[in-house]
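Thanks for sharing this one. Here are a few notes to read with the model open beside you.

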Amino acid sequence: MLDLSIFADRLLDLMIDADIKSPKLANAIGVHRTTITRYLSGKKIPSVNSIILLSDYFNCTADYLLGLVEQNTGTPFKQCPPFDIQIKFLLDKFKMTAYKLSQKTDIDLNLIYNWKNGLYTPTIDNIILLSEKLDCSVDFVLGRGN
């Protein structure tokens, strides 16, 4: 599960290092400035899309931004595929069926099928859970990294 205080601290540190204020960052990633303010105050859970946009903007790993690792590797990242494509890749890569993934993660099987069919995208908490249970990075789950 995402620790919002760590995420808020990391985001603030990255903003200070980049010398960027909330309104400019919000404009750069296409969200309302109050969204950034809520992230910084720990009152809003970021969407998967916002994590990708913020990670891309600051050239950092999603794992670093989310507080899951201490160091940012600063490696180049791939553009994320739509999650319906990515979940199929993950199932193939880890040689699992949707049912096995559901059993391993305790994520509802219908939800996984909805991801596979492009009906829903996962929450950031589900992305983190997938990375933990598959023993890989959030960036790998998202399709950003190797």
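**Notes on helix packing**

1. Let's start with a helix pair in this predicted model. From helix 1, the residues Phe7, Ala8, Leu11, Leu12 and Met15 meet Ile36, Tyr39 and Leu40 of helix 3. By residue class, this contact holds eight nonpolar residues, with no polar and no charged ones.

2. How do these two helices lie relative to each other? The axes of helix 1 (residues 4–18) and helix 3 (residues 33–40) come within 8 Å, crossing at roughly 120°. Angles of 65 to 115 degrees would count as roughly perpendicular and those over 145 as roughly antiparallel, so helix 1 and helix 3 are oblique to each other.

3. Next, have a look at helix 7, which spans residues 98–105. Its buried residues are Ala98, Leu101, Ser102 and Thr105. Viewed down the axis of helix 7, they fall within an arc of 100°, and so line one face of the helix. The spacing is a familiar one: an α-helix has 3.6 residues a turn, so residues three or four places apart point the same way.

4. What does that buried set pack against? The partners of helix 7's buried residues are helix 6 (83–93), helix 8 (109–116) and helix 9 (124–134). You may also want to check the backbone at Asp106, just after helix 7, where phi is positive at about 65°.

5. Finally, Ser131 sits in helix 9. Its relative accessibility is 4%, so Ser131 counts as buried, the cut-off being under 20%. Leaving aside residues up to four places away in sequence, Ser131 touches Cys136, Ser137, Val138 and Val141.

Conventions: Residues are numbered from 1 along each chain as its sequence is written. This is a predicted model: local features need pLDDT of at least 70, side-chain atom pairs count only at pLDDT 80 or more; totals for chains, interfaces and linings use all residues. Side-chain values use heavy atoms; hydrogens and water are left out. Axes are lines fitted to C-alpha atoms, for helices over the stretch in contact, and angles run from 0 to 180 degrees between N-to-C directions. Helices (H or I, at least four residues) and strands (E, at least two) are DSSP runs, numbered from the N terminus. Angles under 35 degrees count as roughly parallel, over 145 as roughly antiparallel, 65 to 115 as roughly perpendicular and the rest as oblique. Contact means heavy atoms within 4.5 Å. Ala, Val, Leu, Ile, Met, Phe, Trp, Tyr, Cys and Pro count as nonpolar, Asp, Glu, Lys and Arg as charged, and the others, Gly among them, as polar. Buried means under 20% relative accessible area, exposed over 50%, partly exposed in between (1.4 Å probe, protein chains only). The arc is that of the directions from the helix axis to the C-beta atoms.
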